[in-house]
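Got the model open in your viewer? Here is a short tour, stop by stop, with what to select along the way.

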Amino acid sequence: MRGLSFDEHLLFQGIPYAAPPVGELRWSLPRPVEPWAGVRDATEPGSPCPQLPQSFADVGSVDEDCLFLNVTAPRTGGRKPVMVWLHGGGGTNGEGSVFDARRLSVAEDVVVVTANYRLGIFGNFGYPGLPGGAFGLADQQEVLRWVQRNIGAFGGDPDNVTLFGESYGGLSIGAHLVAPGSAGLFHRAIVQSGFPLMRAPANTYVPGSPEMPSLWLSAAELEGLAEHVIGEAGWVRPGRGSAIDQLRALPVEQLLQLSPVFTRTGFGNEVLPESPARALAEGRFHRVPVLAGNTRDEARLFVAMFFDGTGQPVTPDGYGKLLAEGFDAAADDIAREYPLEAYATPSLAWSTVINDAAWARSLWDLAQALHEHTPTYVYEFADRDAPPVVPFPEGFPPGAYHAAELPYQFDVGGIAPLSAQQWRLAATMHRYWANFARSGDPNGPGLVTWPRFTPDQHVQSLHPERIGPADFAADHRLDFWTRLT
């Protein structure tokens, strides 16, 4: 392949890691790439996987030929740790190439791989007759297999691979920790705002979103959902061949109408036999060191975008209604613990409640499940002055919102306007992450010591002015939430 050469690094883009999942290969597990003759151009990214543009990701695509990855490698010699990045985007959006990993790769002498994988109805579709519900997860496994076969040519060490990802990518890592086919393909894991153990009350993400006791669906639940929505759409008709053949013949644009319905990975299939939530909670996962964390104000992004940003800000009366819908008999107790008068707006009150009840508690539960079995390090990104990656409604303070750490790790659409202190935090995070990739321990010379989560349940606060222990349980009132349930 012919890539791009810079002073300090090499960049190869648009590398196919599996055959195009088109035609009869739509909703099939990934197949091998057809070999090519001669030199393949790798100077431009491949197409993103099919997706509709969103306010948080202005990327659209109708091209199913999208299973590409990108490699950023330092020009220095030697066998280097490999870090494989899984992008977020809610399961319906995103692509690997927008995450420019040059700073991380050069500063820390690591090889970074970013990748596309099937999304939405193309990645999580279950229907009778399909081996379904986990095609995107299977794509990610194929990326890891590609790394095992090929990363040595880029200076990477296939015996030292760290899987890291944020949001939906971090959630996927929760599945890889328990998926049989992922065993041995990675040696450490970094879960950024992934929350595989989350229990989401009603209205956690958008107004009207239902309660989700788990972010995973069984194969039976997924098939039932698929049959229902496909039936409502009228896309399968008697006498015109099998339902699967009819659905495979539909144009991408038509299928994308239902893509947001299929964001939850299914289990009970070949790729993911068991619910990750149950397996992780019961200690059945691959014994690799894990670094996991969240941002201080995860929920503000969702309330800002989908409540205030759509003309549905939380009102004083609406706050009480949201508490009742989300927490039933506990609503009055929560209203006393989080009184409206303590917050500038009802929207900020609701975002604080849901942040503590769903996001913070799920990180705590994950750390508790992991640390008894494997080295576990936990962080909270706490910079409430982080530059927004998407526009926030006027007057809505972003805080340390969901995805706030990304401009510190990558150049996403350009270099972020960070202050000198914020750039120092970015460099520190790179060192922590890369040290963990090298050895399974984030600590190193010149860094504030980061103890394991056990025995003192330490959470490392990452803030431009202070790096050290966070009073995580008290800050997020975890004793209160534990008493409620």
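How many cavities of 30 Å³ or more does the structure hold? Five. Keep in mind as you click around that this is a predicted model.

**Stop 1: the largest cavity**

Start with the largest cavity, which has a volume of about 50 Å³. To see its walls, select Y117, R118, N124, G136, L137, Q140, Y168, S172 and T265. Now colour helices α3 (135-150) and α4 (168-176): each supplies at least two residues of that lining. α3 gives the most, with three residues.

Zoom in on S172, which sits in helix α4. Is S172 buried or exposed? It counts as buried, because its relative accessibility is 6% and the cut-off for buried is under 20%. Show what surrounds the side chain too: leaving aside neighbours within four places in sequence, S172 is in contact with L86, L137 and Q140.

**Stop 2: the sheet**

Switch to cartoon and pick out the strands. Eleven of them form an open sheet with mixed pairing. If you want to walk across, the order is β1-β2-β3-β6-β4-β7-β8-β11-β12-β14-β15. At the edges you'll find β1 (4-5) and β15 (466-469), each pairing on one side only.

Next, select residues 188-192 and 290-295, which are strands β8 and β11. These two run parallel, and four bridges join them. For one such pairing, click A189: its bridge partner in β11 is V290.

Now add the helices that pack on this sheet. Helix α12 (residues 346-371) touches β11 and β12 (376-381), and its direction makes about 170° with that of β11. Then bring in helix α14 (residues 420-439), which also packs on the sheet. α14 touches β4 (80-86), β7 (156-166), β8, β11, β12, β14 (460-463) and β15. Its direction makes about 145° with that of β8.

**Stop 3: the disulfide**

Select C49 and C66 and show them as sticks. They form a disulfide, with their sulfur atoms 2.2 Å apart, and the count for the model comes to one disulfide. Look along the link and check its hand: with 85° about the S-S bond, it is right-handed. Both C49 and C66 lie in the loop between β2 (9-16) and β3 (68-74), 17 residues apart. Turn on a surface here: C49 is buried, and so is C66.

**Stop 4: the second largest pocket**

Which residues lie closest to the centre of the second largest pocket? Select R199, P201, G326, F327 and T485, the closest of the 19 residues that line it. The space in this pocket is about 380 Å³. Colour α10 (316-327), α12 and α16 (478-484), since each supplies at least two residues of the lining. You've already met α12 packing on the sheet; here α12 gives the most to the lining, with five residues.

**Last stop: S242**

Finish at S242, in the loop between α5 (219-233) and α6 (243-249). Why does S242 count as partly exposed? Because its relative accessible area is 35%, which falls between the cut-offs of 20% for buried and 50% for exposed. Before you close the viewer, draw a distance from S242 to F12, C-alpha to C-alpha: the two are 41 Å apart in space and 230 residues apart in sequence.

Terms used:
Residues numbered from 1 in each chain as written. Predicted model: local features only at pLDDT ≥ 70, side-chain atom pairs only at ≥ 80, totals over all residues. Heavy atoms only, no water. Pairing = 2+ DSSP bridges. Contact = heavy atoms within 4.5 Å. Axes fitted to C-alpha atoms, helices over the stretch in contact; angles between N-to-C directions. Disulfide = S-S within 2.5 Å. Buried < 20%, exposed > 50% of the residue type's maximum accessible area, 1.4 Å probe, protein only. 1 Å grid on protein atoms, 1.4 Å probe; cavity = no way out; pocket = protein on both sides within 12 Å on 5 of 7 lines; lining within 4 Å. Points joined across faces, edges and corners; volume = space filled by probe spheres on them.
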